[in-house]
2 protein chains.
Amino acid sequence: MASEPFVGLLVFVAAREVERRVVAAMRRAGVDDITLAQARVAARIGPHGTRLTDLAEQAQVTKQTATALVDRLEIAGYVERVPDPTDGRARLVRLTDKAASLLPVARAEEARIEREWEAHLGPRRMRALRESLTLLREITDPYRDDA
Amino acid sequence: MASEPFVGLLVFVAAREVERRVVAAMRRAGVDDITLAQARVAARIGPHGTRLTDLAEQAQVTKQTATALVDRLEIAGYVERVPDPTDGRARLVRLTDKAASLLPVARAEEARIEREWEAHLGPRRMRALRESLTLLREITDPYRDDA
DNA sequence: GAAACTAGTCATACAGTCGAACTATATTGG
DNA sequence: CCAATATAGTTCGACTGTATGACTAGTTTC
């Protein structure tokens, strides 16, 4: 029967589908040299650049892993490292124009998913879903206030 | 302002937190020889054993990857491979007693998370959340009817 | 029973990951 | 000012995760 499945499993299933869809959209757009792990880091880069340590923390990996992922993104031309004017030790990881041009592709797929979900749930449930998840973020997302 | 964050991001944040919490609970229970990738596969094993191909499909990895993950779980003593009586080519991957003894730990943490979420959202929103996500599963989870 | 298919494995190559050790810059307390 | 300490980032080494391709061994189909 499984009348009351664990909510954690349910959000996991939904999240997996979203990630799969966005990656597939990128592939269709001709992007085949970014991996999922790299995309997860790239997605956290702010408009004015973000420090590697911050990226590592937000993506929940170590600095070493973030270094390796950014290395590959840099080689592929999607990000660049520039000195941080406020701290001689630090460098800011910034998206290049090449990466910025892909943002609309991701945004469009996200919008498509939202439309499909709303069509399936109806506007009332969709609103409630968004409201609940947003509230939940207060206790599940330590980085909720960035960008 | 970010008044209307993408719902896909919201479910992702929630899912990440759930995964993190369950893994942390396992660690506290003394389990330090299972990785996240291995746990994701193990979590899909049914009560009577599951074929490797099915595990691979459900965990969204290739058969080769699933083989490697099951290899490590087997070495660590959490699963065993037994012949599938209905198909001479196939083998069923089954949880051992050692793994089964950990299920209550995971279940307890899941229940704790649910209680916390319900306390934060209130019973009405929690019910709506579960309802919406369950409905969503119809269009996001091709494996929804297993176990 | 030959052809086509399916379950699983092996081999190989590379990406992801972390712990430890290191360099360079920044901060802090005298 | 400077020695001690802390922080940002990298490099190194070892291992896990991952996919492609090639393979073996059973199964299904006609």
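Which element gives the most residues to the surface near DNA strand D? Here are my notes on this predicted model, starting with that point.

1. **The surface near DNA strand D.** The answer is α4(B), which contributes 5 residues, the most of any element. In total, 24 residues surround DNA strand D, and the closest are Thr53(A), Ala90(A), Thr35(B), Ala37(B) and Gly88(B). Both chains appear among the elements that give two or more residues to this surface: from chain A come α3 (52-59), α4 (63-75) and β3 (87-95), and from chain B come α2 (36-42) and α4 (63-75).

2. **Its make-up.** If you sort the residues near DNA strand D by class, you will find 9 charged, 9 polar and 6 nonpolar ones.

3. **The sheet of chain B.** Three strands make up an open sheet here, in the order β1-β3-β2, and their pairing is antiparallel. At the edges lie β1 (50-51) and β2 (79-83) of chain B, each of which pairs on one side only. For a closer look at one pairing, β1(B) is joined by 2 bridges to β3 (residues 91-95) of chain B, with the two strands running antiparallel. One residue pair to display is Thr50(B) with Val93(B), its bridge partner in β3(B).

4. **The helix on that sheet.** α4(B) packs on the sheet and touches β2 and β3 of chain B. The direction of α4(B) makes about 110 degrees with that of β2(B). This is the helix from point 1, so to speak: α4(B) also gives 5 residues to the surface near DNA strand D.

5. **Where the two chains meet.** On the chain B side, 32 residues are in contact with 32 residues of chain A. The elements of chain B that supply two or more residues to this side are α1 (7-28), α6 (103-121) and α7 (123-140). Of these, α7(B) gives the most, with 12 residues. By class, the side of chain B that touches chain A holds 19 nonpolar, 8 charged and 5 polar residues.

6. **How the copies are related.** In general, a rotation about an axis and a shift along it relate two copies of a chain. In this model, a turn of 180 degrees with a shift of 0.1 Å along the axis lays chain B on chain A, at an RMSD of 0.1 Å. Such a relation is that of a two-fold axis. The same surface serves both copies, as 100% of the contact residues of chain B recur in chain A.

Key
Residues are numbered from 1 along each chain as its sequence is written. Chains are lettered from A and ligands numbered from 1 in the order in which they are written. This is a predicted model: local features need pLDDT of at least 70, side-chain atom pairs count only at pLDDT 80 or more; totals for chains, interfaces and linings use all residues. A residue is near a molecule or strand if its C-beta atom, placed from the backbone, lies within 6 Å of it. Helices (H or I, at least four residues) and strands (E, at least two) are DSSP runs, numbered from the N terminus. Ala, Val, Leu, Ile, Met, Phe, Trp, Tyr, Cys and Pro count as nonpolar, Asp, Glu, Lys and Arg as charged, and the others, Gly among them, as polar. Two residues are in contact if their C-beta atoms, placed from the backbone, lie within 7 Å. Two strands pair if DSSP finds at least two bridges between them. Axes are lines fitted to C-alpha atoms, for helices over the stretch in contact, and angles run from 0 to 180 degrees between N-to-C directions. Copies are superposed by least squares on the C-alpha atoms of residues with pLDDT of at least 70 in both.
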